[in-house]
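Visitor: I should like a close look at the aromatic rings of this model and at their surroundings. Please set the part within the whole before turning to the details.

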Amino acid sequence: MPRYVIQLHQARALHYDFRLEVDGVLRSWAVPKGPSEDPAEKRLAVQVPDHSLAHGDYEGPNVEIWDRGTYEPLTPDFAAALDGGHASFVLDGERLQGGWTLHRTSDGEKPQWLLIKRRD
């Protein structure tokens, strides 16, 4: 099973870095308010450059691991689904469990997505 990690990152503004292992890299999004376990709350997720798998274990002065675990893609050809702007998956982590969806709402230099908890 591929893994995921969520890092709490104090940069210019406090945010959560949501990272999914896909095809040997960590596909990454900055989530300003962090994931919500309420399916009614859609959270903004701004796509950022991919990171190396080693970055998933990184903790430092401004970065702490908030959650980690594995995930199961629910969308066939998960990488292509992400490239297409809509992918669903099930998280099995230390804090987060259950179904989630990432849905791209705009393209551009920093594509914007919604991170949504599915009703389990």
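**The aromatic cluster and its setting**

Guide: The protein is built of one helix and eight strands, where helices (H or I, at least four residues) and strands (E, at least two) are DSSP runs numbered from the N terminus. This is a predicted model, in which local features need pLDDT of at least 70 and side-chain atom pairs count only at pLDDT 80 or more, while totals for chains, interfaces and linings use all residues. Residues are numbered from 1 along each chain as its sequence is written, and side-chain values use heavy atoms, with hydrogens and water left out.

Read from the N terminus, the order of elements is β-β-β-β-β-α-β-β-β. The radius of gyration is 13 Å, which agrees with the value near 14 Å for a compact globule of 120 residues; this radius is taken over C-alpha atoms, and the globule rule is 2.2 Å times the number of residues to the power 0.38. Along the principal axes, the C-alpha atoms fill a box of roughly 35 × 30 × 30 Å. Of the 120 residues, 44% are buried, a term that means under 20% relative accessible area, with exposed set at over 50% and partly exposed in between (1.4 Å probe, protein chains only). The accessible surface comes to about 6,400 Å², and 49% of that surface belongs to carbon and sulfur atoms; the areas come from the Shrake-Rupley method with a 1.4 Å probe, and for residues only the protein chains shown count as cover. Among contacts (heavy atoms within 4.5 Å) between residues at least 6 apart in sequence, 47% join residues at least 24 apart.

For residues 7–104, UniProt lists "domain: DNA ligase D 3'-phosphoesterase" in an unreviewed entry. UniProt positions are given in the numbering used here, feature names are shortened, and annotations may be inferred rather than shown by experiment. That span is 7% helix and 58% strand, and its end C-alpha atoms lie 21 Å apart.

Now to the rings themselves. A pair of aromatic rings is described by the distance of the centres and the angle of the planes. Here, rings of Phe, Tyr and Trp (its six-membered ring) pair if their centres lie within 6.5 Å; planes under 30 degrees apart count as stacked, over 60 as edge-to-face and the rest as tilted. By this rule there are eight aromatic pairs. One of them joins Tyr71 to Phe78 in a tilted arrangement, with 5.4 Å centre to centre and 45° between the planes. Another is the edge-to-face pair of Tyr71 and Phe89, at 6.1 Å centre to centre and 75° between the planes. Because Tyr71 lies in strand β5 (residues 63–73) and Phe89 in strand β6 (residues 86–93), the latter pair ties together parts that are 18 residues apart in sequence. Tyr71 has a relative accessible area of 1% and is buried; Phe89 is buried at 0% relative accessibility; and Phe78 is buried as well. Ring pairs link Tyr71, Phe78 and Phe89 with Tyr4, Phe18, Trp29 and Trp113 into a cluster.

The surroundings of these rings include Ser88, which is placed in strand β6. Ser88 counts as buried at 6% relative accessibility. Leaving aside residues up to four places away in sequence, Ser88 touches Pro73, Leu74, Thr75, Phe78, Trp100, Thr101 and Arg118. With the side chain of Arg118, the side chain of Ser88 also makes a polar contact of 3.0 Å. A polar contact is a pair of N or O atoms within 3.5 Å; within protein, one must be able to donate a hydrogen and the other to accept it, and residues adjacent in sequence count only if both atoms are side-chain atoms.

Asp77 belongs to the loop between β5 and α1 (78–84). Its phi is near 45°, a positive value in a residue other than glycine, and Asp77 is exposed at 56% relative accessible area. Asp23, in the loop between β2 (14–22) and β3 (25–31), has a phi near 50°, likewise positive in a residue other than glycine. Asp23 is exposed too, at 70% relative accessibility.

Finally, Gln97 is located in strand β7 (residues 97–106) and is partly exposed, with a relative accessible area of 38%. Its side chain makes a polar contact of 3.5 Å with the side chain of Asp92 and reaches the backbone oxygen of Gly93 at 2.4 Å. Not counting residues up to four places away in sequence, Gln97 touches Leu91, Asp92, Lys117 and Asp120.
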